[in-house]
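Hi,

Here is the structure I promised to pass on. Have a look at it first, and then read my notes underneath.

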Amino acid sequence: MRKIEHIGIAVKDLQESNRVFEKLFGAPAYKEEEVASEGVRTSFFMNGPNKIELLEATNPESPIAKFLEKKGEGIHHIAFDVENIQAEIERLKNEGFVVLNETPKKGADNKLVAFLHPKSTNGVLIELCQEIAE
C-alpha cells in the first residue's frame, strides 16, 4: 500500500452534504458519479493532497443504505492506493485478512477496487484502489 487514496463518508443526502463540504473546504466537489453496480452515488472533494468521497445510497438494498440504517452518517471506509491490486489481494489473504471480493471490480473515480472485511481489520472497512490504465 502506497498511501491513503481517500476517506469515504456515508451520507443520507448527497446534495446537502456537498453544500456542507463545499463550505468546509472552500471549493466544490471536483467529480460526481453513480456506480450503479454498488447502488451508490458519489462525489469527491480535494483538500490539499487528500481526497474525501461522499457516498449516498441509490437503492435501499445497497451496502451504503444498510450502513446508514445500522450506523447512521459517518466514516464508511478508508481507501489505500495500491500498485497491483491482484497481488495485494493475494498478499493480504495470505496474511489472514478476509477479502470481500477476490476479483477487483470497477469503482468510482476510474479505479479497480476490492474490500477487506472490517472483522479482520479492527472494525474498519478497508478499500484497495488501483488506477485503471487508459
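Before the notes, one cut-off: a residue is called buried when its relative accessible area is under 20%, exposed when that is over 50%, and partly exposed in between. Keep in mind that this is a predicted model.

Let me start with the charged pairs. There are 15 salt bridges in the structure, and I'll walk you through a few.

One of them sits in helix H1, which covers residues 14-25. There, arginine 19 and glutamate 16 come together through their side chains, with N to O at 2.9 Å. Why about one helical turn between arginine 19 and glutamate 16? Because they are three residues apart in H1. As for accessibility, glutamate 16 has a relative value of 39%, so it falls in the partly exposed class. Arginine 19, at 45%, is partly exposed as well.

Another salt bridge is between lysine 111 and glutamate 5, at 3.5 Å from N to O. This one ties together distant parts of the chain: glutamate 5 belongs to strand E1 (residues 3-10) and lysine 111 to strand E7 (residues 111-116), with the two positions 106 residues apart. Buried or exposed, this lysine 111 and glutamate 5? Both are buried.

Then there is lysine 31 with glutamate 33, whose closest N and O atoms are 3.7 Å apart in a salt bridge. Lysine 31 has a relative accessible area of 28%, which means partly exposed, and glutamate 33 is partly exposed too, at 21%. Both residues belong to one network, made by salt bridges that share partners: Glu5, Lys31, Glu33, Lys51, Asp109, Lys111 and Glu131. You'll recognise the E1 to E7 pair, Glu5 and Lys111, in that list.

Now for the pockets. The largest pocket has a volume of about 760 Å³. It is lined by 33 residues, and those closest to its centre are Pro63, Ile64, His76, Phe115 and Leu125. Which elements give two or more residues to this lining? They are strands E3 (40-47), E4 (50-57), E5 (74-81), E6 (105-107) and E7, along with helix H2 (63-71). H2 gives the most, with six residues. Sorted by class, the lining has 16 nonpolar, nine charged and eight polar residues.

If you open the model, strand E7 is a good place to begin: lysine 111 lies in it, and E7 also gives residues to the lining of the largest pocket.

Cheers

Technical notes: Residues numbered from 1 in each chain as written. Predicted model: local features only at pLDDT ≥ 70, side-chain atom pairs only at ≥ 80, totals over all residues. Heavy atoms only, no water. Salt bridge = Lys/Arg side-chain N within 4 Å of Asp/Glu carboxyl O. Helix = DSSP H or I, 4+ residues; strand = E, 2+ residues; numbered from the N terminus. Buried < 20%, exposed > 50% of the residue type's maximum accessible area, 1.4 Å probe, protein only. 1 Å grid on protein atoms, 1.4 Å probe; cavity = no way out; pocket = protein on both sides within 12 Å on 5 of 7 lines; lining within 4 Å. Points joined across faces, edges and corners; volume = space filled by probe spheres on them. Nonpolar A, V, L, I, M, F, W, Y, C, P; charged D, E, K, R; others polar.
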